[in-house]
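Reader: Could you take me through one part of this model up close? I'd like to look at the aromatic rings and then at what surrounds them.

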Amino acid sequence: MTTDSLTPQERENERIARRIPEDVFGDGGLDVLDDLYAPNAVDHNPFGSQEGLEAIRESYESFLSAFPDITQTVERSVVHGDVVTLHITSRGTHSGVLWGIEPTAKEIEVQQMAFVRIEDGLIAERWFLSDNLTLLRQLGVVDFP
């Protein structure tokens, strides 16, 4: 769907979903999470699910401590009703512990997808899929045969 074909509610849903890569990761503004997520929201990722705002915040803090200079660019978005799909490119330097991996000072560029369901103006559920194999390869942790 083009932006012109979106309803006003779909445009607002897209704006809310884009605040994660643009405001949280763009500025490191974790306080904005309180304005974005419903108190009982669930965030799904390859390592499991975080339920509730406190657990979600801890997940973000962990990643931001590993990549304090992270930037995320929304490459494209697709909006359908209450669900927003984002294709994101993340870039940053591995400066802190990530998943038990000591800092490597290596730069990464990773493709990611996020599916965000908005309910009553807040994120109710988010599915985040990252190309972790490429991330681990760029960090020098795994190598392709």
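How many aromatic pairs does the count come to?

Author: Keep in mind that this is a predicted model. The count comes to 5 aromatic pairs. Let's begin with Phe25 and Tyr60: their ring centres sit 5.4 Å apart and the planes meet at 40°, so this pair is tilted. If you want the cut-offs behind that label, planes under 30 degrees apart would be stacked and those over 60 edge-to-face, so 40° falls into the rest.

Now look at where these two rings come from. Phe25 belongs to helix H1 (residues 8-27) and Tyr60 to helix H3 (residues 53-66), so their pairing ties together parts that are 35 residues apart in sequence. Phe25 counts as buried, at 7% relative accessibility. Tyr60 is buried too, with a relative accessible area of 3%.

Tyr60 has another partner as well: with Tyr37 it makes an edge-to-face pair, 6.3 Å centre to centre and with 65° between the planes. Tyr37 lies in strand E1 (residues 37-45) while Tyr60 is in helix H3, so here the pair ties together parts that are 23 residues apart in sequence. Tyr37 is buried, its relative accessible area being 2%. Put these rings together with two more and you get one aromatic cluster, made up of Phe25, Tyr37, Tyr60, Phe63 and Phe67.

Since Tyr37 sits in E1, let's follow that strand into its sheet. The sheet is open and has 6 strands, in the order E2-E1-E6-E5-E4-E3, with mixed pairing. Strand E2 (48-51) and strand E3 (71-80) are the edges, each pairing on one side only. Ignoring direction, neighbouring strands are turned by 20° against each other on average.

As a reminder, strands of a sheet pair through backbone hydrogen bonds, either parallel or antiparallel. Strand E4 (residues 83-93) and strand E5 (residues 107-119) run antiparallel, joined by 11 bridges. If you'd like a spot to zoom in on there, Val84 stands opposite Val116 in E5.

Both helices that supply rings to our tilted pair also pack on this sheet. H1 touches E1, E3, E4, E5 and strand E6 (122-130), and its direction makes about 165° with that of E3. H3, for its part, touches E1, E2, E4 and E6, with its direction at about 50° to that of E1. So back at Tyr60, you have a buried ring whose tilted partner comes from H1 and whose edge-to-face partner comes from E1.

Key:
Residues are numbered from 1 along each chain as its sequence is written. This is a predicted model: local features need pLDDT of at least 70, side-chain atom pairs count only at pLDDT 80 or more; totals for chains, interfaces and linings use all residues. Side-chain values use heavy atoms; hydrogens and water are left out. Rings of Phe, Tyr and Trp (its six-membered ring) pair if their centres lie within 6.5 Å; planes under 30 degrees apart count as stacked, over 60 as edge-to-face and the rest as tilted. Helices (H or I, at least four residues) and strands (E, at least two) are DSSP runs, numbered from the N terminus. Buried means under 20% relative accessible area, exposed over 50%, partly exposed in between (1.4 Å probe, protein chains only). Two strands pair if DSSP finds at least two bridges between them. Axes are lines fitted to C-alpha atoms, for helices over the stretch in contact, and angles run from 0 to 180 degrees between N-to-C directions. Contact means heavy atoms within 4.5 Å.
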